[in-house]
Amino acid sequence: MAGRSILPSYMLNDPVLLNDWHVVARSSAIASGGVRAVRLLGRELVLWRNGEGAHAWLDVCRHRGAKLSLGRVHGECLVCPYHGWRYAGSGACAGIPAHPGQAPSAKARAEVYRVEEHFDLVWVCLGTPAQAVPDFPEWGDSSYRKVSAGPYLFRASGPRVMDNFLDVGHYPFVHARFFGDSPQFEVSDYEVEATDSGLLARDIGVRRVWKAGPAGAGETVQVKYSYRVQRPLTGNYTKVHGAERFSMMDTVTPVDEGESLVWSVMALNYLSETTDREFLDYQDKVTGEDVPVVESQRPSLLPLSLDDELHVPSDRLSVAYRRWLAKLGLRFGTC
Ligand code: FES
Ligand SMILES: [Fe+2]
């Protein structure tokens, strides 16, 4: 869907996602005085920053409906491009240039959403947050180097994209040139623990090439993956080989029913000789391999009925993901 979403479908009003946190930008992308247009769940939002911090509002001026994102920051206010109404950080109109002596009506107020900034990302909740912003414990651990990648555009539904993140079985096929197409590929058996706060799958053993990234070809070894699904569209994994650890948090922004953005935050304690740019180039290529496959999946919405697909033991986590989404009552991006 392009342009304005006048009548969002029931999916775009899914309470599970309306009351959840979603990334809309990198914090550094909205410098002080910056204004940016973004989309989330079919809504057009304006992001801007003043001395109080970052703000996310519906991108509509209450006067004649012009896009506030075409305006500019002046002092501590966002100024509409059309007739210059000035909006304070609270969303209240603070001044109408054509009538300097007139106090703006209480109705002259932007629609304001909650904003938090973590991991150099701007998180927005369109409703009332049902939980805290997802966590990435390695972010505060100085023994890890951090690299942020994306956003990556997938013309696919959010749950389909998240399901790909949770899938270890595709590595030697979609990512053969980086992870190796080991003839001994096999996914070890594992359990999935469903908790109130999500899903945990520990120590999934996979044979793959280690250090296959920008450092070049590595040896094929047994690597252990552990996954944590925190929210319907946010998950973390850690892969371990000896003392070397790599953790990633992927969060998928539901721009629309059929459009998603993936933001990846990574933390690793090896490959110190590799530059961030080399690492990002590698990550861009790996994610780029996922895009056409995920976009090809039919139905384009993630089936929650287990009868609609075939499952094998290595799919345990994605089966648990479908069950968990059904239990949460998620309708967005699912069928
Ligand atoms: S439309 Fe914004 S000030 Fe008139
Ligand atoms: Fe992948």
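**Entry: the hairpin.** I began at A37, which stands opposite V46 in β3. I am working from a predicted model. A37 led me to the strand pairing: β2 (residues 35-40) and β3 (residues 43-50) run antiparallel over 6 bridges. I then looked at the link, and the two strands make a hairpin with 2 residues between them. In that turn, L41 has a positive phi of about 50°.

**Entry: confidence.** I checked pLDDT next. The protein chain averages 93, and 94% of the residues score at least 70. Residues 1-8 stay under 50. For that stretch I found 8 contacts beyond four places in sequence.

**Entry: the core.** I asked which residues touch the most other members of the largest nonpolar core. They are V24, L40, L45, L47, V122, V124 and M266, out of 81 residues. β17 supplies the largest share of this core, with 7 residues. Domain 1 (11-125) and domain 2 (137-328) both give residues to the core, so it lies between them.

I picked V122 for a closer look. Leaving out residues up to four places away in sequence, V122 touches V23, V24, A25, S27, I30, L47, A54, V115 and E117.

**Entry: helix α2.** Is α2 buried or exposed? I found 8 of its 8 residues (158-165) buried, so the helix is largely enclosed by the rest of the structure. The buried set includes R160, D163 and N164, alongside G158, P159, V161, M162 and F165. I listed what they pack against: strands β11 (145-154), β15 (234-241), β16 (244-256) and β17 (259-268), plus helices α5 (276-296) and α6 (316-328).

Technical notes
Residues numbered from 1 in each chain as written. Chains lettered and ligands numbered in written order. Predicted model: local features only at pLDDT ≥ 70, side-chain atom pairs only at ≥ 80, totals over all residues. Buried ≥ 20, exposed ≤ 12 C-beta atoms within 10 Å, placed from the backbone. Helix = DSSP H or I, 4+ residues; strand = E, 2+ residues; numbered from the N terminus. Contact = placed C-beta atoms within 7 Å. pLDDT = per-residue confidence, 0-100. Pairing = 2+ DSSP bridges. Core = buried A, V, L, I, M, F, W, Y, C linked by C-beta atoms within 7 Å. Domains from an automatic or database assignment.
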